[in-house]
Amino acid sequence: MKRIGLNQMLLGIFIIALANISYAGISPDKNKQKKADQSEWRQLFNGKDLTGWKHVGPGSQYVEDGLIKSHGGMGLLYWTAEKFGNCTIRVEFRMRDTNSNAGVFIRIPIEPYEEWMPVFYGYEVQIDNQPELSNEDDYHYTGMLYSLTKPLAKTGKPGPEWNTMEITLDGLRTIVYLNGVKVTDFKEGDPVPERKFDFEPFHGPRPEFGYIGLQNHGDSDVVFFRKVEVKPLKK
């Protein structure tokens, strides 16, 4: 993994400041649906093509047999139309092999323009049931905010079984359920471990509303996605 220089750290400060300015200008109405739709899941993946999505970084993602699949990496497929907050995001995925590596990105402060910015300044909800194979620990297990939280439970299913991940963004609180069991419950300001690797996210606040995306990690780590949907929280 590449190391981060002073210029990119200064860029990060700018990104965080810009995100705060952008959030101040977001109308809550833009992130609401009609009352009749409050209990309905809205599909972001239509099962046919990647309408509404855009890919950045190496590799590619494509649709085959009703699934989002990938080639190469590391890249990110993100939803372009809006930022998300105060909602639940539900993703169904399975690993191509017994274990694979990918992630669901949330709270990305600005529209992604390359693959590393979301890693450093958003949150990655990790997909990897065996982080020890990469010399990583439980803070890098499926359902964790990558390198920041430790599992409340380990409920990841190996490939080719399907997994259901529900990520709730409740203000500045992030809750993750994996296969019906709560595995992460994190609030901005909660203590986190020191960074161990230069490819881990920088510490600091994330916005309430941010872009979301799906990672393609590489040809040896392939994860298939068959559902990506979102439902606003009832307040």
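## The open sheet

In what order do the five strands of the open sheet lie? In this predicted model, the order is β2-β5-β12-β7-β8, and the pairing is antiparallel. The two edge strands are β2, spanning 53-56, and β8, spanning 123-127, and each of them pairs on one side only. Going from one strand to the next, the twist averages 25 degrees.

Let us step inside the sheet and look at β5 and β12. Strand β5 covers residues 75-79 and strand β12 covers residues 211-216; the two run antiparallel and are joined by four bridges. If you would like a place to begin tracing this pairing, try G75, whose bridge partner in β12 is N216.

## Strand β13 and its partners

Strand β13 takes in residues 223-232, and seven of its 10 residues are buried, which leaves the strand mostly covered. How many bridges join β6 to β13? There are nine, and β6 (residues 87-95) runs antiparallel to β13. Within this pairing, T88 stands opposite K231.

Strand β1, made of residues 42-43, also pairs with β13 in the antiparallel sense, here over two bridges. On the β13 side, E229 is the residue that stands opposite Q43.

## V104 and its surroundings

Back in the open sheet, strand β7 (residues 102-108) is home to V104. Is V104 buried or exposed? Its relative accessible area is 2%, under the 20% limit, so V104 is buried.

The contacts of V104 make a good list to click through. Setting aside neighbours within four places in sequence, V104 is in contact with V91, Y123, E124, V125, I127, M165, I167, G213, L214 and F225. I167 is a nice example of a partner from elsewhere in the chain: V104 and I167 are 63 residues apart in sequence, while their C-alpha atoms are 9.3 Å apart in space.

## Aromatic pairs

The structure holds nine aromatic pairs. One of them joins W53 and W79: the ring centres are 5.4 Å apart and the planes stand at 70 degrees, so this pair is edge-to-face. The two residues come from distant parts of the chain, with W53 in strand β2 and W79 in strand β5, 26 residues apart. Both W53 and W79 are buried.

Y123 and F186 also form an edge-to-face pair, with 6.0 Å from centre to centre and 90 degrees between the planes. This pair, too, links distant parts of the chain: Y123 belongs to strand β8 and F186 to strand β11 (residues 181-187), 63 residues apart. Y123 is buried, as is F186. Y123 may already be familiar, since it is among the contacts of V104. Elsewhere, ring pairs link W116, F120, Y121 and F202 into a cluster.

## Charges over rings

Two arginines are worth a look for where they sit. The charged end of R90 is placed over the ring of W41, 3.9 Å from the ring centre. R226 lies over the face of W162, and here the distance to the ring centre is 4.1 Å.

## Backbone details in the loops

Which peptide bond next to M74 is cis? The cis bond is the one that joins G73 and M74, with omega at about 15 degrees. M74 is placed in the loop between β4 (67-71) and β5. Another cis peptide bond runs from G159 to P160, with omega near 5 degrees, and P160 sits in the loop between β8 and β9 (163-170).

There are also positive phi values in residues other than glycine. D65 has phi near 55 degrees and lies in the loop between β3 (60-64) and β4. S147 has phi near 75 degrees and is found in the loop between β8 and β9. As for their surroundings, D65 is exposed, with a relative accessible area of 69%, whereas S147 is buried, with a relative accessible area of 4%.

Methods: Residues are numbered from 1 along each chain as its sequence is written. This is a predicted model: local features need pLDDT of at least 70, side-chain atom pairs count only at pLDDT 80 or more; totals for chains, interfaces and linings use all residues. Side-chain values use heavy atoms; hydrogens and water are left out. Two strands pair if DSSP finds at least two bridges between them. Axes are lines fitted to C-alpha atoms, for helices over the stretch in contact, and angles run from 0 to 180 degrees between N-to-C directions. Buried means under 20% relative accessible area, exposed over 50%, partly exposed in between (1.4 Å probe, protein chains only). Contact means heavy atoms within 4.5 Å. Rings of Phe, Tyr and Trp (its six-membered ring) pair if their centres lie within 6.5 Å; planes under 30 degrees apart count as stacked, over 60 as edge-to-face and the rest as tilted. A charge sits over a ring if NZ of Lys or CZ of Arg is within 6 Å of the ring centre and within 35 degrees of the ring normal.
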